[in-house]
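Thank you all for coming; I would like to walk you through one ligand site, so please have a look at the model before I start.

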Amino acid sequence: MITLHYAPGACSIAAHIILEEIGRPFEARPVSLRKGQQYEPGYLAINPRGKVPALTTADGIVTENVAILTYLADLAPEKGLLPRDGFARAQALSWLGFLTSELHGSYGPLFAPQRFIDGDEVQAALKEKARTRLAGNLADVDGRLAGRDWALGEFSVVDAYLYPFFHWAKTYMGFDMAPYANYSAHHARMQARASVQRVLAREEAGQALLDAA
Ligand SMILES: N[C@@H](CCC(=O)N[C@@H](CS)C(=O)NCC(=O)O)C(=O)O
């Protein structure tokens, strides 16, 4: 049985959505980032980097979003969640690489500027710069989604990975997402998927469990 170690609302939601999409049995175990559970010995034994997501599988542990999404898509080739080879696969991996390094990376200085530099004034300046970088990356995504329902044409792991970054920009960073019309429409299409609704309900229950503990 596959176990997904996730934090409610974190980037791990992409893997959570794909687990729902492929329809194989899995367990979802919530980790509280707020309480620092990712740095507890039990979790560090699963992912020594202290990050979610991590996937425990019969083959071993898989970490890193790009690897987890690829692994899950390859488990269920009949679902067509990632092109199998050639140029189409390269295009998909190009998206995943951009999302993990550039788009996800834009949030680091915004969520945790203290990990980059000390001092209130410089942290404020860093955050300002990071907002501009984030806006540029959101515009990049928006442009690439023009004229298409899904990033690769058909629904794929790329769409699941796009999901949290829209939500973070809107909810945590207070961005007006209306100018990113293609990304906004994409997010609405994601919200309408049954898999996403099931994941949101499970993550909400997971958050309640973590809060009550
Ligand atoms: N490169 C990693 C990044 C994962 C990551 O940054 N996860 C965040 C949540 S979105 C996390 O676990 N943060 C906890 C921490 O840094 O303390 C991946 O793509 O899997």
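Which polar side-chain atom lies 2.7 Å from an oxygen atom of the ligand? That atom belongs to Lys 51, and I call this a polar contact, meaning a pair of N or O atoms within 3.5 Å.

Before going further, I should say that this is a predicted model, in which local features need pLDDT of at least 70 and side-chain atom pairs count only at pLDDT 80 or more, while totals for chains, interfaces and linings use all residues. Residues are numbered from 1 along each chain as its sequence is written, and side-chain values use heavy atoms, with hydrogens and water left out.

Turning to the neighbour of Lys 51, a polar backbone atom of Val 52 is 2.8 Å from a nitrogen atom of the ligand, and Thr 100 places a polar side-chain atom 3.5 Å from a ligand oxygen. On its own the ligand has 510 Å² of accessible area, of which the protein covers 85%, as calculated by the Shrake-Rupley method with a 1.4 Å probe.

There are 16 residues around the ligand, and those that come nearest are Cys 11, Tyr 39, Lys 51, Val 52 and Glu 64; to count as near, a residue needs a heavy atom within 4 Å. By type, this shell holds eight nonpolar, five polar and three charged residues, where Tyr and Cys count as nonpolar and Gly as polar.

Where does the shell come from? Domain 1 (2–79 + 195–212) and domain 2 (86–193) both contribute residues, so the ligand lies between them; those bounds come from an automatic or database domain assignment.

Two backbone details deserve a mention. Val 52 is joined to Pro 53 by a cis peptide bond, with omega about 0 degrees, and Glu 64 has a positive phi, near 80 degrees. As background, most peptide bonds are trans, and most residues other than glycine have a negative phi.

Key:
A polar contact is a pair of N or O atoms within 3.5 Å; within protein, one must be able to donate a hydrogen and the other to accept it, and residues adjacent in sequence count only if both atoms are side-chain atoms.
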